Amino acid sequence: VEADASSASYPLAIAAATGTTVVAEGIGSRSTQGDARVCEIFARMGCTVAQSAHETSVTGPPSGALRAVDVNMADTTDCFMTVAALAAIAEGTTRIRGIANQRVKECDRIDATVT
C-alpha cells in the first residue's frame, strides 16, 4: 500500500525550509496520487528532488534561497497548505491557483491557512 502523498509533503517541506535532506519511502515516481507531484513544485522553488519508483528525496536550498512560484495546484490541492507554508519563507510572492475545492473540506482550508 502506497504512503499518503499529502502527509509525506510535510516532512519533505522541512527539508526544503532547512536546507537538509528528507527521504520519503513509499512515494515515488510511480505514485498514482496527484499530490505526489508536489515535489515538482519543491523543485521549482529551488530544491533538489530525486525519485526512484517508490522513494522521494528532497534537499532544500541553502537558507534564504527558496524561490516564490506561480502554480496551479488543481492536481495537488491537498498539498497547498504545505506550499503556502514554504511561500512564507520564500523570496518573492507566491501565487497558488486551482484550489477552490479546499473551501469545502472539513473546514474552509484556504481561510484557515491565511488566518
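D4 is a good place to enter this predicted model: the residue sits in the segment that comes before helix α1 (5–18). Its relative accessibility is 41%, so D4 counts as partly exposed, a class that lies between the buried limit of under 20% and the exposed limit of over 50%. Once residues up to four places away in sequence are set aside, D4 touches I27 and Q33. T82 stands 78 residues from D4 along the chain, and the C-alpha atoms of D4 and T82 are separated by 14 Å.

From this starting point, the view can widen to the whole chain. Four helices and five strands make up its secondary structure, and, read from the N terminus, these elements follow the order α-β-α-β-β-β-α-β-α. The radius of gyration is 13 Å, close to the 13 Å that the globule rule gives for 115 residues, so the chain is as compact as a globular protein of that length. Taken along the principal axes, the box filled by the C-alpha atoms comes to roughly 35 × 35 × 20 Å. Contacts that reach across the sequence are also part of the picture: of those between residues at least 6 apart, 65% join residues at least 24 apart.

Turning to the surface, 38% of the 115 residues count as buried. The chain exposes about 6,100 Å², and carbon and sulfur atoms supply 51% of this area. As for charge, there are 9 positive and 13 negative side chains, with the centres of the two sets 7 Å apart.

Within the run of strands, β2 (residues 48–52) and β3 (residues 55–59) pair in the antiparallel sense over five bridges. The link from β2 to β3 is a hairpin of two residues. Across this pairing, V49 stands opposite V58 in β3. In a regular strand, side chains alternate between the two faces of the sheet.

Towards the other end of the chain, R109 is found in helix α4 (residues 109–114). Is R109 buried or exposed? Its relative accessible area is 15%, and the limit for buried is under 20%, so R109 is buried. Leaving aside neighbours within four places in sequence, R109 is in contact with D78, F80, M81, Q102 and R103. L66, by comparison, is 43 residues from R109 in sequence, and the C-alpha atoms of the two are 24 Å apart in space. The two residues that frame this account thus fall into separate classes, with D4 partly exposed and R109 buried.

Key: Residues numbered from 1 in each chain as written. Predicted model: local features only at pLDDT ≥ 70, side-chain atom pairs only at ≥ 80, totals over all residues. Heavy atoms only, no water. Rg over C-alpha atoms; globule rule 2.2 N^0.38 Å. Buried < 20%, exposed > 50% of the residue type's maximum accessible area, 1.4 Å probe, protein only. Contact = heavy atoms within 4.5 Å. Areas by Shrake-Rupley, 256 points an atom, 1.4 Å probe, with all protein chains shown as cover. Lys, Arg positive; Asp, Glu negative; His and termini not counted. Charge placed at Lys NZ, Arg CZ, Asp CG, Glu CD. Pairing = 2+ DSSP bridges.
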